[in-house]
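User: Hi! Could you walk me through this one? I'd like to jump around a bit.

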Amino acid sequence: MKSLDKVAVCSRSFSKNTVLRKELLNAYENVTFNDDGISLHGKSLIEFLKGHDKAIIGLEILDEYVLSRLPDLKVIGKYGVGLDKIDLVAMKRYGKRLGLVQGVNRRSVSELALSFMISLLRNVQISYDNILNGKWDQHIGRQLTGRTIGVIGCGNVGKDLVKLLQPFKCKILVNDIAEYLDFYKKYKLKPVEIEKLLQASEIVTLHLPYNDLTHNIICESRLSIMKPNAILINTARGGLVDEIALKKSLKEKKLAGAALDVFLCEPPSDLELLKLPNFFMTSHIGGSSEEAILAMGRGAIRGLEHNEIPSV
């Protein structure tokens, strides 16, 4: 029997997905989808969520201002894994319950990070741009096999990337505030301090949450100790990299290349950075594979029934 709870789906990609819509409607009688494809925030988000018992939230910002104005909203199912846009303290204060399934998009994100590595090492973007401009130059690149790779953040995505890298016989250094000793031992990983990782790695890839501790964790001083032939990859969260300092390092050839799927402000507006030949970017597509969308959506649906008040 279908639940009579009123559910609001804020996420545009969930709302457009016919499979997820059908599965949610099989469980709930009253569902409001974001069929207009509107980016909801502040007052518009409040208006959309008013009168609903439960909600599925993607990249929308749920802060004190929003949560305090939604007395009927009891449960939030998280579509995706990042919690940096949700005020967990406010959720606890107002008794809102959170349903979250971790790691549902890890393979989608780790595959994108792997593709960034190969693309930058082999100068794929530069070759593409040159062909469009009438130049047929064969740029000599580097193979991924045998490189030293630094993985900062060894949670769900970081671990999955380590597994994908095994056939390439890379030396992998890891850094995380948590200790995953059994995993490190199984894959012969060496945990090191972040500065040592940056100094030694030819590829540095970030897989961290965004919070006060990780804001600009890759800053100007840390960029300065990286190898001049190194590349930096961020498929995790915007705000982990000081984008102004990164632009300076790339322009001065103190860093060979960088690839970002995420930015502090999206869409990004620094055209000087975006147009650099040694810079590669995508539009926050890490979790946007067909498989990941279904996994994230089903996790969010499950979260509507299996949830708890945040313990922060």
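User: To start, how many disulfides does a search of the whole structure find?
Analyst: Happy to help. Keep in mind that this is a predicted model. The search of the whole structure finds 0 disulfides.

User: Why is there no bond for Cys-154?
Analyst: The closest cysteine sulfur belongs to Cys-170 and is 14 Å from the sulfur of Cys-154, which is too far for a bond. A pair would have to lie within 2.5 Å to count as a disulfide. Cys-170 is in no disulfide either.

User: And is Cys-154 buried or exposed? What about Cys-170?
Analyst: Cys-154 is buried, at 0% relative accessibility. Cys-170 also counts as buried, because its 16% falls under the 20% limit.

User: Let's switch to sheets. What is the strand order in the open sheet of 5 strands?
Analyst: The order is β2-β1-β3-β4-β5, and the pairing is parallel. At the edges sit β2 (28-33) and β5 (97-99), each of which pairs on one side only. On average, neighbouring strands of this sheet are turned by 25° against each other, with direction ignored.

User: How many bridges join β1 to β3?
Analyst: There are 3 bridges between β1 (residues 3-9) and β3 (residues 54-57), and the two strands run parallel. Val-7 stands opposite Lys-54 in β3.

User: Which strands does helix α2 touch?
Analyst: Helix α2 (residues 18-27) packs on the sheet and touches β1, β2 and β3. The direction of α2 makes about 140° with that of β2. Helix α14 (residues 290-303) lies across β3, β4 (75-78) and β5, and α14 runs at about 160° to β4.

User: Nice. Where does β10 fit in, and what does it pair with?
Analyst: Strand β10 is joined to β9 (residues 203-206) by 4 bridges, running parallel. β10 also pairs with β11 (residues 257-260) in the parallel sense, over 4 bridges. As for facing residues, Ile-203 stands opposite Ile-231 in β10, and Asn-234 stands opposite Leu-260 in β11.

User: Which way do the β10 side chains point?
Analyst: Ile-231 and Ile-233 point one way, and Leu-232 and Asn-234 the other way. All of them are buried. In general, side chains of a regular strand alternate between the two faces of the sheet.

User: New topic: how many aromatic pairs are there?
Analyst: The search of the whole structure finds 5 aromatic pairs. One of them is Phe-14 with Tyr-79: the ring centres are 5.8 Å apart and the planes are at 80°, so the pair is edge-to-face.

User: What parts does that pair tie together?
Analyst: Phe-14 lies in helix α1 (residues 12-16), while Tyr-79 is in the loop between β4 and α5 (88-93), so the pair ties together parts that are 65 residues apart in sequence. Phe-14 is buried, with a relative accessible area of 0%, and Tyr-79 counts as buried at 7%.

User: And what about Tyr-180 and Tyr-184?
Analyst: They form an edge-to-face pair too, 6.3 Å centre to centre with 85° between the planes. Tyr-180 is partly exposed at 25% relative accessibility, whereas Tyr-184 is buried at 6%.

User: Last one: how far does α6 reach?
Analyst: Helix α6 (residues 106-121) has 16 residues and spans 23 Å from its first C-alpha to its last, close to the expected 22 Å. Its buried residues include Leu-112, Phe-116 and Met-117. Just after α6, Asn-123 takes a positive phi of about 55°.

Technical notes: Residues numbered from 1 in each chain as written. Predicted model: local features only at pLDDT ≥ 70, side-chain atom pairs only at ≥ 80, totals over all residues. Heavy atoms only, no water. Expected span 1.5 Å × (residues − 1). Buried < 20%, exposed > 50% of the residue type's maximum accessible area, 1.4 Å probe, protein only. Pairing = 2+ DSSP bridges. Axes fitted to C-alpha atoms, helices over the stretch in contact; angles between N-to-C directions. Contact = heavy atoms within 4.5 Å. Phe/Tyr/Trp six-rings, centres within 6.5 Å; stacked < 30°, edge-to-face > 60°.
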